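Student: I should like to learn how to read the features of a structure that is new to me. May we go through it together?

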Amino acid sequence: MTKILTDTDWQELKAESEQKGILSIQSKGVETIRQGKVLDVFNTYHCCTKLRSGLSIWIHEEKFTDDLVWMRDSLDHSQFGLSFFLSGKVRIERHGLTDKTDESVGRYYSECNCDIKETEYWKAGEKFSRIYLSIEPQEFFSSFGDEDLEQIPISLRQALMGDNLQPYYQQGEITQEMWVVLSHILQCPHQGYLKQMYLESKAVELITLHCQQFQEEDISNYRAPARDLIDIDKIYQAKEILLGNLENPPNLMELARQVGLNDFKLKRGFRQVFGTSAFKYLHDYRLEKAKQLLVLGEMKVEEVAFRVGFDSRSYFASAFRKKFGLNPKQYFQYQKKSV
């Protein structure tokens, strides 16, 4: 049996589990631990340790009792982080940013979610664990000079260039050096302030190894246009043009002309920055926009389809069902019941 969980459901289940005493939250110094059972959904263990300004480290463990689809729409705003997968697997779709991606042992990712909505697909019985570093770039890199900042990955560097943050998602392989550091974190021999200093040193080492890995990739792809800040800005311009013309978007050649790139550079650069093609990105955004309009309940399904750029109601219904598991009418009815 597959369960569907929204963030509202999660908050209600969490509160009820705490009231029944099967889920506890304890804080001591810089460390907060949440552990126990969330009713009949999953067993959980979260340990968060605050380190230096702008940096904290999380240890997560989950085990679900049933297959679960978790529809998350209230993630932390503009959160940057590195997530290292130690066991298990989850499939996640970051709407408007990536297709469904498998996050599993041996992999890690760098992200800025910028309040991106997610749908997570969990399998019953499998233990999932990871170590997550939460980074606030403006604080963490505040002491870095301009030359120092050139050493960090360009996707992270953008967070230090102004208030107009852009979401990104980038996967990498956990190297042997990273595995050693991760094992040290799990087997930390200290307590109290010594533990905080020890974990901070290990977290900084992981960030260093991440920057080194992607700095090497940047060097090997030095001539790739999407690595250049000017071209990245043009790719974001292209995205905004697409999203501003849902009903009649320009074709790839016209879009490239409007932003001042050739079509090959735009096509390759868009995939490097957003992890998918320009028109797959547009397709997913249209469906997300349609979902919002359906929840409002002010338009018929046909009107919603045309408003977001679908000429055919049947194709719209098919695409919507493929992405969200329900046809548009069913989704509207489901949301209406949950209000």
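Tutor: The dialogue below takes up helices, burial and cysteines in turn. This is a predicted model, in which local features need pLDDT of at least 70 and side-chain atom pairs count only at pLDDT 80 or more, while totals for chains, interfaces and linings use all residues. Residues are numbered from 1 along each chain as its sequence is written, and side-chain values use heavy atoms, with hydrogens and water left out.

Student: What span should the 13 residues of helix H1 have?

Tutor: Helices (H or I, at least four residues) and strands (E, at least two) are DSSP runs, numbered from the N terminus. The expected span of a helix is 1.5 Å times one less than its number of residues. For H1, residues 7-19, that gives 18 Å, and the end C-alpha atoms are indeed 18 Å apart.

Student: Which residues of H1 are buried?

Tutor: Buried means under 20% relative accessible area, exposed over 50%, and partly exposed in between (1.4 Å probe, protein chains only). In H1 the buried residues are Asp7, Trp10, Leu13, Lys14 and Ser17. They lie on the same side of H1, because they cover an arc of only 120° around the axis; the arc is that of the directions from the helix axis to the C-beta atoms. Thr8, Glu12 and Gln19, on the other side of H1, are exposed. Strands E1, E2, E3, E4 and E6 are among the elements that cover the buried residues.

Student: Why can buried residues share one face of a helix?

Tutor: An α-helix has 3.6 residues a turn, so residues three or four places apart point the same way. In H12, Phe316, Ala317, Ala319, Phe320, Lys323 and Phe324 are buried. Seen down the axis of H12, these residues fall within an arc of 170°, so they line one face. The face turned away from them carries the exposed residues Ser314 and Lys322. Just after H12 comes Gly325, with a positive phi of about 85°.

Student: Is Lys195 buried or exposed?

Tutor: Lys195, in helix H6, has a relative accessible area of 18% and is therefore buried. Apart from neighbours within four places in sequence, Lys195 is in contact (heavy atoms within 4.5 Å) with Glu31, Cys188 and His190.

Student: How many disulfides are there?

Tutor: A disulfide is a covalent bond between the sulfur atoms of two cysteines. Here the rule asks for a pair of cysteine sulfur atoms within 2.5 Å, and the count is zero. Cys112 is buried, at 0% relative accessibility, and Cys211 is buried at 10%.
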